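Student: I'd like to go through this one label by label and ask what earns each label. Can we start with the surface?

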Amino acid sequence: MLSGGARENSHGGKDAAPAGFGTDDDDSAFEESPSGGTGSDDIAAATAATAAAAAAALVKLWDEEQRFIKPRDEIASWRKSREDYPDYENELLKLKAEVPISEMDADMAIGGDYDNTYRRFLSAQGGKATKALGMLRKTLEWRKAQDLTGNVRQWRTIPKAIKDTLFEHYQSGWYTSHTSLGCPVYIERTGRLHVDKVLKHVTADEMIDHHTRMMEYLMRVLLPEMSRRPGIAAPDKVLNILDMEGLGLHMMTSATMKILKRVLAIDQSFFPEIMYRCYIVNCPTVFRVVWGAVKPLVDKRIQRKIRIMGKVEGKTLDELASVMGGRDRVPAFLGGGCARTLKQCPPWSLDHMDNDDFQAWEAPVRTALASDLGGGAEAPCTP
């Protein structure tokens, strides 16, 4: 990110930074002033007003510049296309008749939207109610067989040493929920994944439990929060970024492949039509070998959502910036200007998951003080 109040845009030029923008982590522009300081209520109000103005300026930038508008138009069109199958609405009615809401799992319905849940399963199976029915029933059976709530709630009780070890060799998390595209972003530093080292401290089942916990957090907390925000074109979709820097043949061990197969089976079978797009970046030469072993495990419908890219610079950085909201919102470890680390993001930033309340880990963008921006907005919160 450029200093002196200007930001490099995705075309190599400079954007004038809205008043109050930080220079290392864009979110600093939207933080509330800390409580308990020496400032008066007037200072706190002025700080909040500055943050609200900065947030409003960024949203204005997102809503007016074509580099941000185009990706939003694309996801809106893509989401509509997922229902472009013959007799889709009648097939939907058939599916609903076979599995009424009374038989559904409430935690699958993002923000209580059961209709959207049926549509996700139907779209995942090409608009065919018979196939969607099989997928939906298997998902319900799987969910009943798991203690998903207990798995999520136990986050508080997992020893810090275990969490630290898990993070060291399995660096991943929900990096941001505030993007110009409107999708939360999950980032995994796959090139640094060392399953064999993790398995010295936890079991394979515990690794799978951790992944399932991340997915349940998404379904129970993060996506419902997205559904409550204004101006979100696809509140039930996420972006994945897999960073392959550091990738080596250690990814090809038997233990790693077994874990990977289980993770893919869970995501593809029980969480359909959640991922909008997956960017695989910083791919070294050895990636071809690894991808050759992994690709057959990935459903073709998922493969079509994957974009394999090189080093995060130039056009690759431009593309990430266009969906995240600018280069200064792309993490520094991926060549952007945001200093926030994955350790500062969920699940690692969360002391507990005792309930399904959304706990902010970054300052808001599309929400600001109602008194400054008009009705319907919320006050910014401290990340």
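Student: How much accessible surface does the protein chain have, and what share belongs to carbon and sulfur atoms?

Tutor: It comes to about 17,200 Å², and 51% of that belongs to carbon and sulfur atoms. The areas come from the Shrake-Rupley method with a 1.4 Å probe, and for residues only the protein chains shown count as cover. Two bits of housekeeping: this is a predicted model, where local features need pLDDT of at least 70, side-chain atom pairs count only at pLDDT 80 or more, and totals for chains, interfaces and linings use all residues. Residues are numbered from 1 along each chain as its sequence is written, and side-chain values use heavy atoms, with hydrogens and water left out.

Student: What makes I75 count as buried?

Tutor: Buried means under 20% relative accessible area, exposed means over 50%, and partly exposed is in between (1.4 Å probe, protein chains only). I75 has a relative accessible area of 1%, so it is buried. This residue sits in helix α2 (residues 66–81); helices are DSSP runs of H or I with at least four residues, strands are runs of E with at least two, and both are numbered from the N terminus. By that count the protein chain has 14 helices and 7 strands. Of its 383 residues, 52% are buried.

Student: Which residues does I75 touch, leaving out those up to four places away in sequence?

Tutor: L181, C183, A233, A234 and Y276, where contact means heavy atoms within 4.5 Å. A234 is 159 residues from I75 along the chain, yet their C-alpha atoms are separated by 7.2 Å. For the protein chain, take contacts between residues at least 6 apart in sequence: 73% of them join residues at least 24 apart.

Student: How do you know that C278 is not in a disulfide?

Tutor: A disulfide needs a pair of cysteine sulfur atoms within 2.5 Å. The closest cysteine sulfur to that of C278 is in C283, 9.8 Å away, so it is too far for a bond. C338 is in no disulfide either: the nearest cysteine sulfur, that of C345, is 8.0 Å away. Searching the whole structure turns up 0 disulfides. Both cysteines are buried, with C278 at 5% relative accessibility and C338 at 2%.

Student: What makes a set of residues a nonpolar core?

Tutor: The members are buried Ala, Val, Leu, Ile, Met, Phe, Trp, Tyr and Cys residues joined through side-chain atoms within 4.5 Å. The largest has 79 residues, and W174 and I241 have the most contacts inside it. Helix α9 (residues 204–228) gives the largest share, 11 residues. Beyond four places in sequence, the contacts of I241 include V185, I187, Y279, V281 and L334. There's also a second, separate core of 17 residues, with M108, A132, M135 and L136 among them.

Student: Why is a space called a cavity here rather than a pocket?

Tutor: On a 1 Å grid over the protein atoms alone, a cavity is a set of points where a 1.4 Å probe fits but cannot get out, while a pocket is an open set with protein on both sides within 12 Å along at least five of seven lines. Points are joined across faces, edges and corners, and the volume is the space filled by probe spheres set on them. By this rule there are 5 cavities of 30 Å³ or more, and the largest has a volume of about 860 Å³. Its lining has 42 residues, of which N240, L242, V263, L264 and D267 are closest to the centre; a lining residue has an atom within 4 Å of a point. Helix α10 supplies the largest share of that lining, 7 residues.

Student: What makes E273 and N282 stand out in phi?

Tutor: Most residues other than glycine have a negative phi, and most peptide bonds are trans. E273 has a positive phi of about 55 degrees and is not a glycine; N282 also has a positive phi of about 55 degrees without being a glycine. E273 is in the loop between α10 and β6, and N282 is in the loop between β6 and α11. At 3% relative accessible area E273 is buried, and N282 counts as buried at 13%.

Student: Which peptide bond is cis?

Tutor: The one joining P346 and P347, with omega about 5 degrees. P347 is in the loop between α13 (314–324) and α14 (370–373).
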